[in-house]
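Thanks for asking me to look this one over. Here are my notes, set out as numbered points you can follow with the structure open beside you.

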Amino acid sequence: MSKLNDPSLKKNGRRTSTNVPESRPSDIPEFSEEHPPTGDLLYYWKQRNNLFSRYEEGVWLTHDAWYEVTPENVAEKISQHILQSPIETVIDAFCGVGGNTIQFALSASCKRVIAIDTNPTAILCAKHNAHIYGVLDKIEFIVGDFFELLNAKESILKADAVFLSPPWGGPTYRNDKIFDLDTMLPYSASFIFNQASKISKNIALYIPRTSNLNQVAKLVPEGQKIQAVHYCVRKRSKALTVYFGQLSKIKAEGVSAEEEEEEEEL
């Protein structure tokens, strides 16, 4: 069924139904050992089971999601951190194909996740993937722009915490020795953070591991501290997550032999 004709999707910031997509939309790539991707995408496809441990059960990813989705073990650690606190509802403002959304919903402490993305195909993927992981009933999917929804006259966005994993501008971010958060497209980190603060002071900001920490420090409310955690896999940092509000007061949990966390306070 074409995404444009899928009755489970409504645009313009409206909630979607709980119906699971019946078939893979034509614009979602499908790869196999016999027909793997080519070019830069091959590197990410070889890590597919790190991105989703249940990938072989039929997980869907858009082309961009291969570069953007949080590796599952990192998403799980972020979820554990956020949901150690008295947090029951989480907004995933840029949910993509659902990597973080699913891990939030898998937590017994989480009652509800609001998953938002402007891309209808990404929402279809996220919904399909949530069904595979058995958490579809805990997630409310919305096709729409987070900022428009947030600033609507009667905003529907209410939650205990907000998770922000904004676009980093594609894989070219890896070429930056120090990643400039002010030039992040299409929105700067400061703009995203200030907007999300209208909903809750409990914010988790997921950004490149090479992000400029001086720019991060400028986001800190006066008189407060934040916690910045590097999530590492096989001795290498995969990304930096900065925790604000009550989330900054939670000690990062221990990790397995293949995973590490490096914590900084700013």
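**Notes on the fold and its contacts**

1. Let's begin with the chain as a whole. Of its 266 residues, 55% are buried. Please keep in mind that this is a predicted model. The chain has nine helices and nine strands. Among contacts with a separation of 6 or more, 70% join residues that are 24 or more positions apart. The exposed area of the chain comes to about 12900 Å², and carbon and sulfur atoms supply 47% of that area.

2. Strand 2, residues 89–92, is a good place to start looking. Which way do its side chains point? Thr89 and Ile91 point one way, Val90 and Asp92 point the other way, and all are buried. That fits a general pattern: in a regular strand, side chains alternate between the two faces of the sheet.

3. Strand 2 has partners that are worth tracing one by one. With strand 3 (residues 112–117), strand 2 pairs in the parallel sense over four bridges, and threonine 89 has arginine 112 as its bridge partner there. To get from strand 2 to strand 3, the chain passes through helix 5 (residues 99–106), making a right-handed β-α-β crossover. With strand 5 (residues 161–164), strand 2 also pairs in the parallel sense, over three bridges. In that pairing, isoleucine 91 is matched with valine 162.

4. Helix 5 deserves a look of its own. How many of its eight residues are buried? Seven are, so this helix is mostly covered. The buried residues are Gly99, Asn100, Thr101, Ile102, Gln103, Phe104 and Ala105. They pack against helix 4, strand 2, strand 3, helix 6, strand 4 and strand 5.

5. Helix 4 (72–82) is mostly covered too, with nine of its eleven residues buried. The buried set includes polar and charged names as you read along: Glu72, Asn73, Lys77, Ser79 and His81 are among them, together with Val74, Ala75, Ile78 and Ile82.

6. Now for the nonpolar core. The largest one holds 84 residues, and those touching the most other members are Phe52, Leu61, Ile82, Ile91, Phe146 and Leu164. Helix 6 (residues 120–133) gives the most to this core, with six residues. Two of these names have come up already: Ile82 is one of the buried residues of helix 4, and Ile91 is buried in strand 2. In general, nonpolar side chains in soluble globular proteins tend to be buried together.

7. If you would like one core residue to click on, try leucine 61. Which residues does it touch, leaving aside neighbours within four places in sequence? Leucine 61 is in contact with Ile28, Pro29, Leu51, Phe52, Tyr55, Trp66, Val69, Val97 and Cys125. Phe52, one of these contacts, is also among the core residues that touch the most other members.

8. On to charges: the structure holds six salt bridges. One of them joins arginine 48 and glutamate 33, whose closest N and O atoms are 2.8 Å apart. Arginine 48 sits in helix 2 (residues 48–51) and glutamate 33 in the loop between strand 1 (14–15) and helix 1 (41–45), so the pair ties together parts 15 residues apart in sequence. Arginine 48 counts as buried because its relative accessibility is 10%, whereas glutamate 33, at 56%, counts as exposed. Glu33 and Arg48 also belong to a salt-bridge network with Glu56.

9. A second pair is glutamate 88 with lysine 111, where the closest N and O atoms are 3.7 Å apart. Glutamate 88 is in the loop between helix 4 and strand 2, and lysine 111 is in the loop between helix 5 and strand 3, so this pair ties together parts 23 residues apart in sequence. Glutamate 88 is partly exposed at 35% relative accessibility, while lysine 111 is exposed at 58%.

10. The last pair brings us back to strand 3. Glutamate 140 forms a salt bridge with arginine 112, with the closest N and O atoms 2.5 Å apart. Since glutamate 140 lies in strand 4 (residues 139–143) and arginine 112 in strand 3, the pair ties together parts 28 residues apart in sequence. Is each partner buried or partly exposed? Glutamate 140 is buried, at 13% relative accessible area, and arginine 112 is partly exposed, at 29%. Arginine 112 is also the bridge partner of threonine 89.

Definitions and conventions:
Residues numbered from 1 in each chain as written. Predicted model: local features only at pLDDT ≥ 70, side-chain atom pairs only at ≥ 80, totals over all residues. Heavy atoms only, no water. Helix = DSSP H or I, 4+ residues; strand = E, 2+ residues; numbered from the N terminus. Buried < 20%, exposed > 50% of the residue type's maximum accessible area, 1.4 Å probe, protein only. Contact = heavy atoms within 4.5 Å. Areas by Shrake-Rupley, 256 points an atom, 1.4 Å probe, with all protein chains shown as cover. Pairing = 2+ DSSP bridges. Right-handed = clockwise from strand over helix to strand, strands pointing away. Salt bridge = Lys/Arg side-chain N within 4 Å of Asp/Glu carboxyl O. Core = buried A, V, L, I, M, F, W, Y, C linked by side-chain atoms within 4.5 Å.
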